[in-house]
Structures are given as C-alpha cells and as structure tokens.
Amino acid sequence: MEVRELAELGPDARRAFFERDAGVAGVRSDVRDIVERVRTEGDVALRDFSREFDDVEVGNIDVTSDAERAYEKIDDDVREAIETAAANIREFHERQVPEDWREDFDGRELGRRYRPLERVGVYAPGGTAAYPSSVLMGVIPAKVAGVEHVAVATPPADPMNPVTLAAMHVAGADAVYSVGGAQGIAALAYGTETVKAVQKVVGPGNKWVTAAKAEVRGDVDIDFLAGPSEVLVVADETADPRFVAADLVAQAEHDPNASVVVVTDDADLAEDIVAEVERQAAERERTETIEAALANDASGVLVARSMSEAVLFAEEYAAEHLSIQADDDEALLDRIDSAGSVFLGPYTPVAAGDYASGTNHVLPTGAGAKRQGGLSVDHFVRSTTVQRLDRDALADLSETITTLADAEGLDAHAQSVRERFDE
C-alpha cells in the first residue's frame, strides 16, 4: 500500500478509484445458462450445480428444520452474541416502519398506505464459512416490515454451518434452502419443486450471485447489484493511525478485490497509517487475502492539499463504508451526501455496523450510494396512494382536468369529469 498525492493522480489511477468493477460482465453469459437450466429443470439442476460448484451431494434442499436444531446445539456465547446482534438490528429497523396517512387538502382527501411484500428471498453467503450477520441483516428487516414468508438460500455444505443456521432461526426465517450461487438466486426467483418463488431477492454475494440478480431482475425485484466490499476513511491529524489501519485491514480481509482507501491532509499521518497497515496485516490470519486487497489499484493512501479536497474526493467516491476520523467529523459529514453507511469517530469501527450496532451492512458499492441507500424496511414494503374528492373539490379542479385532457386529445378523460356535473 503506497502513499500518493491526490492532486497528482493521472487518468488511469483515478479510473481505478472511481470505476470499481464488480466483474459481472465476465460471467453474465455463463450465469444466463445456469438460470435457464434452473427454470426448466428445477431441483434436478440445483442438485447438479451443487455437485459441480460446491462438491456437495445435496439430499434435502429444504433444511428449515435444521436451523432450529442448530440453535440448540451452538455454544452459549455464540447464541448470546447472535441474540444481542439480532435485537439491536431489529430495534433499529423498527424505527423505519412507515405509517399510513391521510390528510385533507381543501376537500381532496389524499394519503398513502404501506403494505409488505408477501414473499421475499434472502441470499446468505455461506457453505463451510459462517456468515450469521448476513442472515440477520437480510431476514430481520423483512420480518419487521411484515413479510409473511421469508426464505433464505445459502450454499450447501456437509455439514451445514450451525452458526449460520442458528442465525436463520433467530432472525425468523420461514424457509431455509441448501442452494447457493447463481442457481440459488434463480431458484428463489422462479421456484422449483422444492423452492417457493418469491417477489423479491436481496442479499450480498460474489460476482456469480450478482450477475444472477441482474439476470432475474424484471421477473422479480431485487435490492441492488453490489460488487467487492470497500471502505473510505477520511482522516485529519487527530486520527490514530492504529485505528485507521485496523479498519483498512479488516475490510481488506473480505476479498482480494476489496477497495480500501484513506484520504487525509496530513502527510505524516499517511506514512504512519501505511506502516501500521503493514504491521497489522502481517499479524492477521487472512494475510494473503489482505495483502492482495491492499495491493490492488483501487486501494491506497491519498494525501489531499486540504480537508476540502478530501471531502470532494469522498463525495465523488461515494463509499459503501465511509469512516470519518477527524476533529470536526460532523462538519465534514454535513458536506458529504453520498455514502452507504457512515461511521463517525475513533470508536466506531466499520465492524460495529457489520455485526451488531443495529444498522444494515447490505450496502451499495461502486458509487451506487449516489443513487440509493442500503437495505432497509423500505425494500420490503410497497406504497399505494389513496384519494377521495367531494363534489366541491372536483368542481374546483374540473376546468384544470378537462383543459389538460383536451390538450392531450383524451376527450373521454375530460368527459369522465363533465358527466358528474351534467344534469
């Protein structure tokens, strides 16, 4: 990981920072074939792909009953951690539930009502690895929104990871399916003999999962297309280089393609951060993955000429995770609109949001924060507008409506108003 002057970045270097590629295009054709096979062959295709991609012979695709049993078997401290994280996530998302409303606008009674989706699918990365946090982040907001049937698809393993299964039980999943990758997304979207089709698919995954979500979008709704994880730390001279480095190393252990970036106006701090990153990276278990992420073109420590220049970079970057470790972090935050999730101050590591503070860690990457926010209750409800006009209110609007309808050449629209006043 090297220190570079922000103002001296050339076009190629800037492109690497601002055009983070999820790698979806390269696998889209293969994914299209996988999706089509699942649509036409159902469970047979799921078992074939599990054998081919996961090296697992899948017996029961529906493993819902295994989740409750796993909850009883895991260690008490792990169970307590899952319960605590789930409670915090549930509490935060309960604040997001929208309320129906209607108001009177001079005789025009107008309002909006909200209703949950009926069936939602959550993808949870897994297999032999344990990602209980992703389960909690996907299932709990859906259940809080009132979704009746929430299904989880997760890669098969022999045995399935009990911690991930236990998290599904705690979160309240109604069905659990042992199927991963692009085939898991296709199964949720179109259904099979075992898997019940859903209206929306959400959750993080690798490029195959992301490509599959792109493929099924339109037939079902999705949350968004996300790529490798990323963090941007905006730091001034008050930042502790150990804390900054720890957040970078933590994010780098996700994926060799993860983007980890610091922008600061303090050249000495930049050098100290690099030294700390090198020290800490060597001490972690996933050193090889971390070092690959630190070395990629989308990672680096950038020295800005001022904090204003750093803020401009942060806004253009639109990070999935934005950490502000600076003396006046609130003032800096006020100048940045685009970020998936923001972490303020030295004692708010990104890992807090990843696991247990309560906010959601399913977030837009690749500057997607310029267009949308992270996963929330909003993703699982649909809104309907409601209106009732009395005779006087319609009379007040009649000339406006009929004039516009006539201008558009839609005389039946105009007449639908006039009929109500013709004697």
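1. Let's start in helix 3 (residues 43-54), which holds both Phe49 and Phe53; they sit 4 residues apart, about one turn of the helix. Keep in mind that this is a predicted model. The two ring centres are 5.5 Å apart with planes at 5°, so this pair counts as stacked.

2. The two partners are not equally covered up. Phe49 has 4% relative accessibility, so it goes down as buried. Phe53 comes out at 43%, which means partly exposed. Phe49 also has a charged visitor: the charged end of Arg37 sits over its ring, 4.7 Å from the centre.

3. In total the structure has 5 aromatic pairs. Another one of them is Phe18 with Phe313, a tilted pair at 5.2 Å centre to centre and 50° between the planes. Phe18 belongs to helix 1 (residues 11-18) and Phe313 to helix 13 (residues 307-317), so this pair ties together parts that are 295 residues apart in sequence. Phe18 and Phe313 are both buried.

4. That pair has company. Phe17, Phe18, Phe313 and Tyr317 make up one aromatic cluster. Have a look at Tyr317 while you're there: the charged end of Arg20 sits over its ring, 3.8 Å from the centre.

5. On to the nonpolar cores. As a rule, nonpolar side chains in soluble globular proteins tend to be buried together. Here the largest nonpolar core counts 43 residues, and Ile82, Leu136, Val139, Met168 and Phe380 have the most contacts inside it. Helices 4 (64-73), 5 (76-94), 6 (132-145) and 7 (162-171) each supply at least two of its residues, as do strands 4 (119-123) and 5 (149-154). Helix 6 gives the most, with 8 residues.

6. Leu136 is a handy residue to click on in this core. Not counting neighbours within four places in sequence, Leu136 is in contact with Ile82, Ala85, Ala86, Ile89, Pro141, Ala167 and Ala171. There is also a second, separate core of 33 residues, whose members include Val38, Ala151, Tyr177 and Ala187.

7. Last, the sheet. It is an open one, built from 5 strands in the order 6-5-4-7-8, with parallel pairing. Strand 6 (175-178) and strand 8 (221-222) are at the edges with a single partner strand each, so one side of each has no neighbour in the sheet. Strands 4 and 5 run parallel and are joined by 5 bridges. If you want a concrete spot to check, Tyr123 has Ala153 in strand 5 as its bridge partner.

How values were computed. Residues are numbered from 1 along each chain as its sequence is written. This is a predicted model: local features need pLDDT of at least 70, side-chain atom pairs count only at pLDDT 80 or more; totals for chains, interfaces and linings use all residues. Side-chain values use heavy atoms; hydrogens and water are left out. A nonpolar core is a set of buried Ala, Val, Leu, Ile, Met, Phe, Trp, Tyr and Cys residues joined through side-chain atoms within 4.5 Å. Buried means under 20% relative accessible area, exposed over 50%, partly exposed in between (1.4 Å probe, protein chains only). Contact means heavy atoms within 4.5 Å. Two strands pair if DSSP finds at least two bridges between them. Rings of Phe, Tyr and Trp (its six-membered ring) pair if their centres lie within 6.5 Å; planes under 30 degrees apart count as stacked, over 60 as edge-to-face and the rest as tilted. A charge sits over a ring if NZ of Lys or CZ of Arg is within 6 Å of the ring centre and within 35 degrees of the ring normal.
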